[in-house]
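Hi,

Here is the structure I promised to pass on. Have a look at it first, and then read my notes underneath.

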Amino acid sequence: MNRTRTLRTTAVAAALGVLSLSACSAAETGKSQDAAGGEKTVKLTVPSWVGAQANTAVASYILEEELGYKVKTQQMGEVLAWDALSKGDIDAIMEDWGHPKEEKQYVEDRKTVVKGGDLGVEGHIGWFVPKYFADKHPDVTDWKNLDKYAKELATAESGGKGELLEGSPDYVTNDDAIIKNLGLNLKTNYAGSEAAQITAIQKYVKAKKPFLTYWWTPQWLNAQVDLVEVKLPEYKEGCDADPKKIACAYPNTPLQKFLNADFAKNGGEAAEFLKNFKWTTEQQNEVAQMIAGEKMSPEAAAEKWVKANEATWKQWLPKK
Amino acid sequence: MTAAVTTPASDETPEKADTAPATVKTQGKADRSTGRSFRDLMRHPVKGKLLVLAALAAVLVPLSAVVWGSGPWPGALSVDISGPLDDANKWVIDNRDSHPLFLYFLLHLSNTATDAVSGVYNALDAMGWTGVFAAGVLFAWRAAGLGRSGVKVAATAFGAFAVCGLLGMWDATLLTIALMVVAVTCAALLGVLIGLAAGLSDRVDRLLRPVLDTMQVLPAFAYLLPFVLVFGTGTPAALFCTVIYAAPPMARLTTLGLRGADPAVLEASTSLGANAWQRLRTARLPLARKQMLLGLNQTIMMALSMVVIAALVGAGGLGEEVYSALSTVDVGKALAAGIPIVLIAVWLDRTTAAAGDRIGRSAPGGGLLHGRSGWALAGGGVAAAVLLRFVAGTSWPDGWTFAISTPVNKAQVWITENLSSGIPVLGGTETWSEHFTLWVLNPMRDGLTALPWWAVLLLVAALAWLVGTWMTALTATLAMAAIGVLGVWTKSLDTLSQVLAALVVTLFLGVLAGILCARAGRLERWLRPVLDAMQTMPQFVYLIPVVALFGVARVSAIVAAVVYALPAVVRITAQGLREVDPAALEASRSLGASTRQQLLRVQLPLARPALQLAVNQGVVLVLAVVVVGALVGGGALGYDVVKGLSRGEMGLGMTAGVAIVCLGLVLDRITQPARKRA
């Protein structure tokens with residue numbers, strides 16, 4: 001027993017020794033490998049949805065082929081990407097759909113992130129039904145008439161009410177509040193991931209079944225599936241101020257770019273190019289459709305688009 | 001992964017909790033006090049308890065109804081822990097560049113982690129594809145012994161590497177292997193240290209066991225966020241999460257090995273004057289070698305199951321390929337990245353298992369191919385292959401790849417279209433899904449949520465007491481009450497109803513398949529690769545087909561859980577049945593029992609400990625998939641965990657994660673009969 005105790009003490013002492021050895025100097029907070037070899041590196045995040053992948057792919061292609069940078073891409077969730085942006089683990093987010101909490105924390109308070117300007121693409125969230133359903137019942141496109149169709153929209157998951165299909169927890173949604181405050185006979189069903197939501201929509205469309213879904217533009221699937229938006233009470237400034245009382249449509253969001261503050265200052269041509277990057281919804285969808293619809297690799301899709309649209313991206317290059 | 005090994009806070013012997021299904025040795029032979037029927041043993045205490053319960057219920061139920069009324073957990077009795085957690089979250093962000101705790105300790109850890117992984121990756125990359133290929137195959141061959149089994153394991157390694165390359169995943173595979181090498185090394189070291197402490201001291205063992213349980217049952221999604229905040233995205237957070245999840249089997253099996261050391265040997269070494277350290281080094285550790293190797297095997301499997309989750313925070317590698325394939329709904333691409341993960345698992349599993357089998361067997365010395373010269377030969381081969389890289393190039397030749405994405409996608413569409421509806425008589429998966437939801441899931445959920453909260457607590461207490469002791473009942477009730485206090489009562493009951501449904505389906509199918517396997521050895525050989533794939537294929541790969549078949553519904557979540565949990569139940573059941581004393585079978589046969597009678601009256605009752613372990617593993621594994629189920633429509637707690645991670649709300653995710661751990665505790669206590677303590 002006594003010996004065991006001595007042994008334990010020794011082990012603890014050894015562990016503490018190792019710890020204190022490693023702790024004798026302060027760690028570098030920045031990442032040291034950036035400087036290696038004098039190569040100019042830009043680090044971008046690849047968000048999980050295809051539209052943003054298209055932006056990143058085109059930006060990476062031009063950075064590498066035209067400006068001679070090496071681009072490292074890293075896939076991660078949106079909020080994690082903001083955090084990484086603040087720490088300098090990544091240099092830029094190319095498409096942001098609005099994160100007021102993070103914007104306040106990192107842009108206003110800590111000043112570690114700066115705005116990179118509009119992407120040029122306008123995002124819009126809303127409720128959508130398939131066109132074949134809207135053609136048959138034109139009045140379904142007004143929220144006031146949705147209750148009439150609750151039965152047709154019902155599934156086993158919605159317990160007799162009409163189902164409103166929701167997407168990934170990543171995405172901003174006020175739908176539970178909207179349903180409650182407008183007194184609709186609907187129930188949300190959370191798919192839990194974009195992939196599951198898209199698969200469900202494709203399945204409904206194939207069977208020509210009616211459905212109602214939370215959806216948004218730009219989105220590559222819109223090129224394959226005709227969806228019609230359902231009118232919600234009009235959006236007015238401030239009508240979404242209290243999350244519990246929301247009873248109006250979603251605003252249009254001009255999608256934003258954000259840059260790490262140090263990178264924006266010292267990033268040279270790359271930073272300037274990323275600030276200049278601005279294209280239209282159609283252009284983004286074109287690339288997104290190549291990636292998702294035709295299953296091209298993002299690099300190949302970017303290459304194809306860049307070769308065909310020289311006039312557009314030449315304007316983004318830094319003025320010499 | 002290979003039977004994610006453990007029980008939520010179980011008080012059973014670590015032997016039971018830790019045995020890998022692939023190599024299950026069903027414990028508890030002592031329980032098989034043959035001769036006497038189990039029923040007699042069980043019936044009386046249960047009857048007695050039932051009487052007491054009825055009496056208690058007659059008093060408590062009306063009383064509670066008067067005092068508390070009905071309805072879900074009252075808001076006044078709950079505590080919101082998300083506020084303090086979100087504050088902690090903010091503190092970390094504000095202080096991580098300046099506070100000494102970060103500068104002098106945590107940042108060192110994260111920088112070292114990044115350096116280690118990129119170091120291993122660069123080394124692998126520098127070896128060239130021929131070098132890595134040769135190293136994988138030759139060392140598998142050497143580690144598995146040089147006879148026939150060695151050749152077989154080497155062939156497995158060869159096939160695994162070849163397919164990884166052919167699928168166009170060579171580079172991603174290297175990155176994943178690099179992460180695995182570092183993660184498994186850290187997890188094994190941590191596991192051995194914990195195992196040593198717990199093996200040498202009973203008190204430490206008791207203290208650590210609940211910690212180990214929590215490490216495995218708490219969904220990684222829940223603690224990924226704090227790790228990212230503290231250690232940064234990319235390698236460090238992914239690495240530390242993997243280590244946490246993968247270390248417990250190593251720790252448990254080390255403890256088990258140390259405790260199981262033959263007392264006579266220890267006695268002998270003490271009498272020879274060895275001190276504690278010498279005894280540990282020369283007697284206890286060598287005797288525990290076999291268990292420790294099994295622990296290593298399990299640690300590897302668990303670490304591999306974290307590959308995709310690691311990709312969520314930017315660790316790259318195969319996980320990222322799987323994850324990014326999801327955004328374009330590309331099953332073929334996800335499969336192309338999922339197959340290498342399965343193959344790495346199979347390669348490492350067979351290699352470590354074969355090496356484990358050799359331990360203790362007396363190895364014939366001498367000869368060119370044995371001992372040191374065998375290793376030298378393997379090393380020389382690798383060196384030669386590394387030199388080949390100057391001819392063959394460092395990366396896998398582009399021409400030698402084969403894109404399976406398109407054909408797989410076509411096959412998937414065809415299968416889902418033809419199975420989802422329109423099958424005569426049977427209907428199709430869509431109809432089943434709907435019926436299962438309407439007739440099983442909805443009533444179960446509604447029933448559970450309609451019960452007044454105190455009635456649920458009483459029910460849990462009564463069930464736990466019926467199968468166990470009053471301590472069991474107390475723990476289970478407290479865990480259930482904790483769920484209420486956390487303020488996620490209704491959601492937890494929703495999750496509970498899904499978990500119970502998944503558990504019933506898993507046990508039904510698993511025990512049935514296990515019985516078939518035990519009776520027909522050939523069937524099991526055929527099933528083995530299928531079961532391997534079911535356990536090690538990342539669930540993300542089959543999410544899309546599951547949704548295509550069953551829709552965005554709780555049924556999809558249940559299917560995902562069943563696929564993951566089934567193999568362990570099949571394996572444990574088959575193993576348990578096969579180990580039933582042949583003498584007992586022989587005796588029953590000579591008394592004229594039919595095959596069915598033999599099975600029902602002899603084999604199944606005698607294999608009871610194994611069946612209990614199967615139930616336990618079913619609970620753990622089904623719970624492990626709750627979060628993944630949320631990605632296909634499972635909702636409830638799992639959705640909150642995912643939401644917490646993706647929206648950066650640490651409080652939300654942690655609360656739901658802790659509630660899942662509590663559910664595990666409740667289920668464990670009400671499904672595991674109390675074990676007699678020696």
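Below is what I found, going from chain A to the place where the two chains meet, and then to a few odd spots.

One thing to keep in mind throughout: this is a predicted model.

**Chain A in general**

Chain A has 320 residues, and 52% of them are buried. Its secondary structure comes to 13 helices and nine strands. If you take the contacts in chain A with a separation of 6 or more, 72% of them are between residues 24 or more positions apart. So that you know what I mean by the word, a residue is called buried when its relative accessible area is under 20%, and exposed when that value is over 50%.

**A covered strand**

A good place to begin in chain A is strand β5(A), residues 162–166. Five of its five residues are buried. The cover is on both faces: G162(A), L164(A) and E166(A) are buried on one side, and E163(A) and L165(A) are buried on the other. Note that E163(A) and E166(A) are among the residues covered here.

Which strand does β5(A) pair with? Its partner is β6(A), residues 186–190, and five bridges join the two, which run parallel. To find the pairing on screen, look for G162(A), which stands opposite L186(A) in β6(A).

**From the strand to the other chain**

L165(A) also leads us towards chain B, by way of A200(A). That alanine is in helix α8(A), residues 194–207. A200(A) counts as buried because its relative accessible area is 5%, which is under the 20% limit. Leaving out residues up to four places away in sequence, A200(A) touches L165(A) in its own chain as well as V547(B) and V552(B). If you want a sense of distance, take A200(A) and Y235(A): they are 35 residues apart in sequence, and their C-alpha atoms are 28 Å apart in space.

**Where the chains meet**

The contact between the chains involves 68 residues of chain B and 60 residues of chain A. Together the two chains bury about 5,200 Å², with 55% of that on carbon and sulfur atoms. On the chain B side, the residues that lose the most area to chain A are V552(B), Y639(B) and R647(B), together 12% of what that side buries. V552(B) is the valine we just met as a neighbour of A200(A).

How many salt bridges are there between chain B and chain A? The count is four. One of them is formed by K203(A) and E430(B), with the closest N and O atoms 3.0 Å apart. There are also 11 residue pairs in polar contact across the interface. Helix α4(B), residues 100–143, gives the largest share of the chain B side that touches chain A, namely seven residues. By type, that side of chain B divides into 36 nonpolar, 19 polar and 13 charged residues.

**Backbone oddities in chain A**

Some background first: most residues other than glycine have a negative phi, and most peptide bonds are trans. Here are three places to check against that.

- K111(A) has a positive phi of about 55°. This lysine lies in the loop between α4(A) and β4(A), and it counts as exposed because its relative accessibility is 58%.
- K208(A) also has a positive phi, near 55°. You will find K208(A) in the loop between α8 and β7 of chain A, and it is exposed too, at 57% relative accessibility.
- The peptide bond from T217(A) to P218(A) is cis, with omega near -5°. P218(A) is in the loop between β7(A) and β8(A).

**Two last residues**

Is N309(A), in the loop between α12 and α13 of chain A, buried or exposed? It counts as buried, because its relative accessibility is 17% and the limit is 20%. The side chain of N309(A) reaches the backbone oxygen of W305(A) at 2.9 Å.

Over in chain B, P84(B) lies in helix α3(B), residues 82–95. P84(B) counts as exposed because its relative accessibility is 54%. From P84(B) to L107(B) there are 23 residues in sequence and 24 Å in space, C-alpha to C-alpha.

Happy browsing!

Methods
Residues numbered from 1 in each chain as written. Chains lettered and ligands numbered in written order. Predicted model: local features only at pLDDT ≥ 70, side-chain atom pairs only at ≥ 80, totals over all residues. Heavy atoms only, no water. Contact = heavy atoms within 4.5 Å. Buried area = accessible area lost by both parts, 1.4 Å probe. Salt bridge = Lys/Arg side-chain N within 4 Å of Asp/Glu carboxyl O. Polar contact = N/O pair within 3.5 Å; in protein donor to acceptor, adjacent residues only side chain to side chain. Helix = DSSP H or I, 4+ residues; strand = E, 2+ residues; numbered from the N terminus. Nonpolar A, V, L, I, M, F, W, Y, C, P; charged D, E, K, R; others polar. Buried < 20%, exposed > 50% of the residue type's maximum accessible area, 1.4 Å probe, protein only. Pairing = 2+ DSSP bridges.
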